[in-house]
Amino acid sequence: MERTYINEFHKQWIESTLKSIASWQKQPISLEEKKKAAGNVEPAEGYKRRQIEELKLFATQHNLWININSLPLSYLSKGGENEVFTGHEDIVFKLNNFEYAGEDLENFFIRIEAHNVFFSNVTYQMIGFAYNSQHEFCAVLVQPYVRAKREATEEEINQQNTCKH
């Protein structure tokens, strides 16, 4: 997959982040692996909370913290698990609070990877971590900014869905 970079700093940041993420993904992070390694079962909320604490430590060790307030970004919207900003015509920044990850943060990484496979024209790139306006720990994602000339009609959506089956 060909990556597009804003500038040299962005390129270095992404490459460093990708190496760090690859290193982190090699860790036994799935719920089943953690339970096996620990030899016990813990409540899901405690497990996810512990994963977040481990990820915060990882972000600190690998210098992956981003101070969103220091960037020249403009707030666009909030929806689901993301706060969305732009400061560049071609990309958006998303602060993702892992809300849809369920009880295991591994689900977040699986969803991002799946999104990038199915929507290769608007892939996510994780560039670091930050806190959102609610002071929740978040992954910072960048994605191409797509401006639609118009929304699809219900008929077009139905036709597209019919073609895929």
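# Questions on a predicted five-strand, five-helix model

Buried residues (under 20% relative accessible area with a 1.4 Å probe, protein chains only; exposed is over 50%, partly exposed in between) make up 38% of the 165 residues in the protein. This is a predicted model, in which local features need pLDDT of at least 70 and side-chain atom pairs count only at pLDDT 80 or more, while totals for chains, interfaces and linings use all residues. Residues are numbered from 1 along each chain as its sequence is written, and side-chain values use heavy atoms, with hydrogens and water left out.

Me: In what order do the elements of the protein run from the N terminus on?
Reply: Helices (H or I, at least four residues) and strands (E, at least two) are DSSP runs, numbered from the N terminus. The protein has five helices and five strands. From the N terminus on, the order is α-α-α-β-β-β-α-β-β-α.

Me: Which strand pairs with E4 over six bridges?
Reply: Two strands pair if DSSP finds at least two bridges between them. Strand E4 covers residues 125-131, and its partner is antiparallel to it. Gly128 stands opposite Val140, and five residues separate the two strands of this hairpin, with His135 in the turn at a positive phi of about 65°. The strand that pairs with E4 is E5.

Me: How many bridges join E3 to E5?
Reply: E3 and E5 run antiparallel. Within this pairing, Lys94 has Leu141 in E5 as its bridge partner. The number of bridges joining E3 to E5 is six.

Me: Which residue in the turn between E1 and E2 has a positive phi?
Reply: Strand E1 (residues 74-79) and E2 are antiparallel and share five bridges, among them the one between Ser77 and Val84. The two strands form a hairpin with two residues between them. The turn residue with a positive phi, about 55°, is Gly80.

Me: In E3, what is the bridge partner of Phe85?
Reply: E2 and E3 run antiparallel and are joined by five bridges. They form a hairpin with two residues between them. The bridge partner of Phe85 in E3 is Phe93.

Me: How many of the eight residues of E5 are buried?
Reply: E5 is largely enclosed by the rest of the structure. One of its residues is Leu141, which counts as buried at 1% relative accessibility. The number of buried residues among the eight of E5 is seven.

Me: What separates the C-alpha atoms of Leu141 and Val84?
Reply: Leu141 has contacts (heavy atoms within 4.5 Å) with residues including Val92, Phe93, Phe108, Ile112 and Met126, not counting residues up to four places away in sequence. Leu141 and Val84 are 57 residues apart along the chain. Their C-alpha atoms are separated by 9.5 Å.

Me: Why is the pair of Phe98 and Phe108 called edge-to-face?
Reply: Rings of Phe, Tyr and Trp (its six-membered ring) pair if their centres lie within 6.5 Å; planes under 30 degrees apart count as stacked, over 60 as edge-to-face and the rest as tilted. The structure holds eight aromatic pairs. The rings of Phe98 and Phe108 have centres 4.9 Å apart and planes at 80°, so this pair is edge-to-face.

Me: Which parts hold Phe98 and Phe108?
Reply: Both Phe98 and Phe108 are buried. The pair ties together parts that are ten residues apart in sequence. Phe98 lies in the loop between strand E3 (91-96) and helix H4 (106-118), and Phe108 in helix H4.

Me: What is the angle between the planes of Phe129 and Phe137?
Reply: Phe129 and Phe137 are both buried. Ring pairs link them into a cluster with Trp65, Phe98, Phe108, Phe109 and Tyr131. Their pair is stacked, with 5.4 Å from centre to centre and an angle between the planes of 10°.

Me: Which residue has a side chain that joins that of Gln51 in a polar contact?
Reply: Gln51 is in helix H3 (residues 44-61) and is buried, with a relative accessible area of 4%. A polar atom of its side chain lies 2.8 Å from the backbone nitrogen of Leu105. A polar contact is a pair of N or O atoms within 3.5 Å; within protein, one must be able to donate a hydrogen and the other to accept it, and residues adjacent in sequence count only if both atoms are side-chain atoms. The side-chain partner of Gln51, at 2.8 Å, is Asp104.
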